[in-house]
Structure formats: structure tokens, C-alpha cells
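Morning, everyone. Let's get the model up on the screen. I'll take the ligand, then one strand.

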Amino acid sequence: MERVYNFSAGPAALPEPVLERAKAEMLDYGSSGMSVMEMSHRSNAFVEIASRAEANLRNLLKIGEDYYVLFLQGGATAQFSAFPMNLVSPEDSIDYVSTGSWSQKAIAECSKYCHANVIASSIETGFDRIPEEDDWNMDSNSQFVHICSNETIGGVQFKEFPSLDKILIADMSSELLSRQININDFGLIYAGAQKNIGPAGLTIVIVRKDLCSKARPETPAVFNYGAQAEADSMLNTPPTYSWYLAGLVFEWLLELGGLDAVEKINNEKAQKLYDAIQASDFYDSPVDPRYRSTMNVPFKLKDESLDDAFLKEAEQVGLTNLKGHRSVGGMRASIYNGVPPGAVYALLDFMKEFEAKYG
Ligand code: PMP
């Protein structure tokens with residue numbers, strides 16, 4: 001068996017020790033005689049898996065008792081409409097800072113449920129940066145500001161979070177658990193699991209309890225934060241296997257030393273890649289250096305006619321999923337927690353050799 005270095009943006013590489021453990025536990029979880037996939041979500045064994053995962057996630061992110069942690073389905077995309085339904089009335093507005101494709105998708109979806117008010121956007125510079133906070137138009141009467149803390153396609157990331165008089169909502173799909181954050185800066189954080197958390201099918205929602213009493217009556221029960229919290233995220237059958245695997249990822253992170261330790265590794269991985277791109281006349285980064293993502297590293301070959309050869313030859317040496325999103329072209333290396341430093345070194349070696357050959 002030969003595993004490749006997988007730079008996929010999501011679903012993405014999972015830590016190998018996690019996959020090994022899942023493999024070992026596959027046929028007979030904890031002497032239950034069955035796989036976690038085959039268990040009732042109401043069984044003692046699964047309820048224990050679920051609550052341990054929640055406790056470990058709370059521990060990793062230092063989430064206080066004033067927040068609910070929900071394990072839902074529907075992806076981050078379902079949250080684009082779930083949070084307006086839970087938090088505001090149709091006549092209210094939510095402010096948005098638009099920094100790329102995922103911000104735009106969130107804005108479009110929110111517009112169906114209330115006013116989505118764009119207070120700042122970097123569209124004019126091709127979404128290559130976070131708009132300066134001083135330029136945000138804070139005059140609206142909205143209580144909430146939504147950001148996408150890491151734009152997976154554009155590779156643009158908030159390095160610090162704004163401190164506002166409004167309640168901050170963040171789509172952290174492509175960066176949650178990659179660094180330590182202060183949960184108390186946010187009213188609501190949501191993330192699809194399939195990058196740093198676990199397999200697709202699970203969505204994490206971390207929401208301040210006091211925000212959960214205003215859901216519109218028509219809010220689907222499965223997306224009603226208060227109702228799901230009341231039911232321990234088991235109002236209906238939850239994505240049990242993804243939840244279990246996320247739990248294994250949380251244990252792996254704790255064993256690594258928690259989020260401070262993983263942040264250090266992630267910063268080193270990203271820095272090495274950006275340094276090499278910066279130092280070369282052959283490659284180029286489209287992102288303002290102040291906001292370059294540690295998770296998704298888009299880069300271009302200055303001679304785009306070499307793109308296909310780059311991807312083909314990378315594939316031949318086991319470096320896969322490096323093609324940039326179809327909307328922006330070029331390359332993108334997604335280097336989530338599950339992508340080991342060795343993958344980045346292998347990519348750097350390949351980039352150097354490719355440049356020597358064609359540069
Ligand atoms: N937000 C961001 C930042 C994402 O990267 C993605 C998925 N790539 C989404 C939202 C949508 O997530 P899902 O496919 O889980 O709905």
C-alpha cells in the first residue's frame with residue numbers, strides 16, 4: 001500500500017494515526033462486537049463516544065459553559081441559512097465582510113431570510129486581502145457581523161479578529177482547530193468537518209446560549225439550535241461515524257499537545273511554502289502577504305502553459321489534488337492538520353526540481 005500526499009481542499013487528508021485507530025476499531029468497537037457505524041445512536045457506547053468528543057472539543061478550544069456545542073448535518077452551507085433563521089427576524093439585517101467565494105455564497109443565502117448588508121468587500125482587488133477594519137461601514141443597525149475567517153478558495157485569512165460592539169459570527173470551515181482562538185470573541189462559529197475535523201457529513205456549531213431563544217417558528221427542527229441543544233444534537237439520527245472519527249481527531253490533537261502545538265506546526269509548514277514561492281521568479285502568490293492563509297496556499301506558475309505539466313508530474317511523484325479551484329485557476333496546496341510536514345517538504349522538493357527543469 002502506498003499512500004499519497006494529499007493536498008485536497010476538502011474532503012481532505014486525515015491524520016494517519018486516526019485512520020489506523022479507526023481501522024483497528026472497525027469491526028469490533030470496544031468489545032461491542034460491532035462497528036461504530038452499526039450502533040444505535042441511543043446506545044450507551046455511542047452516547048459515551050459522543051459526549052467524550054464534545055468534552056475534548058471543549059477542552060481543545062476552551063469553550064465555556066455559556067456556549068452550546070452542536071454536532072449537526074447539512075454542512076456549512078446549511079448554516080448559511082440556519083443562523084439567520086435562528087438569530088434574526090425577516091426585517092432585521094446581518095452585516096457581512098466579503099472576502100471571497102464563501103463569503104459571497106453566505107451572503108446570497110442569507111438574503112433569502114433577512115437583509116444581508118455588505119459592510120466591506122475586497123472584490124475590487126480580486127479578493128486578495130481582508131478589507132482594513134477602519135474602512136468597514138459600521139453604521140447599520142444590525143446586531144451581527146459575519147466573516148469567513150479563512151477563504152478556502154482564495155487563501156485569504158483573518159490573522160486577528162475584529163473587536164466590535166456587534167456580535168461576531170464566523171464561518172471557520174477551513175481553519176477551525178488549526179490554531180487557538182478566543183471563543184469569547186464570537187457569538188457563533190460554524191464549520192463543516194471535512195477539512196480539519198473529520199469526514200464530511202458533520203457540521204460543528206458553537207453558539208452562545210443566550211442567542212438561541214429567537215428562532216423563527218418555521219425553522220426546521222434539525223437546524224434549530226435550541227432544540228438541537230436540548231436533544232444533545234440527537235433530535236434525529238446524527239452522523240454517527242463522522243462524529244466518532246472527529247472524536248478520534250480531537251484525541252490525536254490533545255496527544256500532540258493541543259492547539260498551540262498544532263498552530264506552531266501549521267505556521268512552519270505554511271511559512272516554508274510561502275518563503276519558497278516568494279523567493280522564486282517562477283512561482284507567484286496572488287494573496288497580499290499580510291493575509292496569506294496557513295491552511296490553503298494558492299500559487300501560480302508565472303508561465304500558465306506549464307500548469308498541466310506541473311500537475312501531471314506532481315501526480316507521478318505522489319503529490320495529489322494540487323489543482324487550484326476552477327474559479328481562480330493555478331495551483332492550491334491545502335495543508336490542513338492532517339497533512340504532515342513531510343508532505344510540504346516533498347512538495348517543496350518537487351517545486352524546486354520542476355523549476356530547474358522548466359525555468
Ligand atoms: N465555507 C467554507 C469556508 C468552505 O470552505 C466550504 C466548503 N469548502 C463551505 C463553507 C461549504 O461547506 P459544505 O460543503 O460543508 O456545505
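Start at Q194. A side-chain N or O atom of Q194 sits 3.0 Å from an oxygen atom of the ligand. Remember that this is a predicted model.

Two further contacts of this kind. W102 puts a polar side-chain atom 3.5 Å from a ligand oxygen. With A76 the partner is in the backbone: a polar atom there is 3.1 Å from an oxygen of the ligand. How much of the ligand does the protein bury? On its own the ligand exposes 400 Å², and 84% of that is buried by the protein.

Now the whole shell. Going along the sequence, we have G75, A76, T77 and F80, then W102, C148, N150 and T152, and finally D171, S173, Q194 and K195. Which helix gives the largest share? That is α3, residues 75-87, with 4 residues of the shell. By type, the shell has 6 polar residues, 4 nonpolar and 2 charged.

On to the strand, β10. It spans residues 203-208. Buried or exposed, for the most part? Mostly covered: 5 of the 6 residues in β10 are buried.

β10 has strand partners. One is β2, residues 67-72, which runs antiparallel to β10 and is joined to it by 6 bridges. Within that pairing, look at V69: its bridge partner in β10 is I206. Another is β9, residues 188-192, again antiparallel to β10, with 5 bridges. There, I204 of β10 has A191 opposite it.

That's the tour. Comments, please.

Key:
Residues numbered from 1 in each chain as written. Predicted model: local features only at pLDDT ≥ 70, side-chain atom pairs only at ≥ 80, totals over all residues. Heavy atoms only, no water. Buried < 20%, exposed > 50% of the residue type's maximum accessible area, 1.4 Å probe, protein only. Helix = DSSP H or I, 4+ residues; strand = E, 2+ residues; numbered from the N terminus. Pairing = 2+ DSSP bridges. Near = heavy atom within 4 Å. Polar contact = N/O pair within 3.5 Å; in protein donor to acceptor, adjacent residues only side chain to side chain. Areas by Shrake-Rupley, 256 points an atom, 1.4 Å probe, with all protein chains shown as cover. Nonpolar A, V, L, I, M, F, W, Y, C, P; charged D, E, K, R; others polar.
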